[in-house]
Amino acid sequence: MSPQGPKVGDLVHVTRAASVQFIKPIMCRVIRVLDWTTYDGWCWLDVYELNAKGDAVARRSIFVRPVGLKISG
């Protein structure tokens, strides 16, 4: 993970390391990082979930630990 966490436009691989709800990992493109009050070490992200071709297939808001994300610029 980058020291600042995910930012708009980042490609993120979301696995159980980010949240136990992601039993099956997903790839996402970050739309925005929400500034909602949450537990320490967690954040809400608006993302586009991507398929194997890299096409957006769903828009989602996800609750994750940024330290568990694998981020690509």
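How many helices and how many strands are there in the chain? Here are my notes, and keep in mind as you read that this is a predicted model.

1. **Overall make-up.** The answer to the opening question is zero helices and five strands. If you walk along the chain from the N terminus, the elements read β-β-β-β-β. The radius of gyration comes out at 11 Å, close to the 11 Å that the globule rule gives for 73 residues, so the chain is as compact as a globular protein of that length.

2. **Dimensions and surface.** Along its principal axes, the C-alpha trace spans about 35 × 25 × 20 Å. About 4700 Å² of the chain is exposed, and carbon and sulfur atoms supply 54% of that area. As for the inside, buried residues account for 34% of the 73 residues.

3. **Contacts across the sequence.** Take the contacts between residues at least 6 apart in sequence: 38% of these join residues at least 24 apart.

4. **The aromatic rings.** Have a look at the aromatic side chains next. The structure holds three aromatic pairs, and ring pairs link Trp36, Trp42, Trp44 and Phe63 into a cluster. A pair of aromatic rings is described by the distance of the centres and the angle of the planes.

5. **One pair in detail.** Trp44 and Phe63 make a tilted pair, with 5.0 Å from centre to centre and 35 degrees between the planes. Why does this pair tie together parts that are 19 residues apart in sequence? It does so because Trp44 sits in strand β3 (residues 43-50), while Phe63 belongs to strand β4 (residues 56-64). Trp44 is partly exposed, and its relative accessible area is 27%.

6. **Glu49, buried or exposed?** Glu49 is another residue of strand β3. With a relative accessible area of 18%, Glu49 counts as buried, because the cut-off for that is under 20%. Trp44, at 27%, is over that cut-off and not over 50%, so it falls in the partly exposed class.

7. **Who Glu49 meets.** The side chains of Glu49 and Arg60 are joined by a polar contact of 3.0 Å. Arg60 is also on the list of residues that Glu49 touches, which leaves out those up to four places away in sequence. The other names on that list are Ile26, Met27, Cys28, Asp55, Ala56, Val57 and Ala58.

8. **What to look at in the viewer.** Try two spots: the cluster of Trp36, Trp42, Trp44 and Phe63, and then the polar contact between Glu49 and Arg60.

Conventions
Residues are numbered from 1 along each chain as its sequence is written. This is a predicted model: local features need pLDDT of at least 70, side-chain atom pairs count only at pLDDT 80 or more; totals for chains, interfaces and linings use all residues. Side-chain values use heavy atoms; hydrogens and water are left out. Rings of Phe, Tyr and Trp (its six-membered ring) pair if their centres lie within 6.5 Å; planes under 30 degrees apart count as stacked, over 60 as edge-to-face and the rest as tilted. Helices (H or I, at least four residues) and strands (E, at least two) are DSSP runs, numbered from the N terminus. Buried means under 20% relative accessible area, exposed over 50%, partly exposed in between (1.4 Å probe, protein chains only). A polar contact is a pair of N or O atoms within 3.5 Å; within protein, one must be able to donate a hydrogen and the other to accept it, and residues adjacent in sequence count only if both atoms are side-chain atoms. Contact means heavy atoms within 4.5 Å. The radius of gyration is taken over C-alpha atoms; the globule rule is 2.2 Å times the number of residues to the power 0.38. Accessible areas come from the Shrake-Rupley method with a 1.4 Å probe; for residues, only the protein chains shown count as cover.
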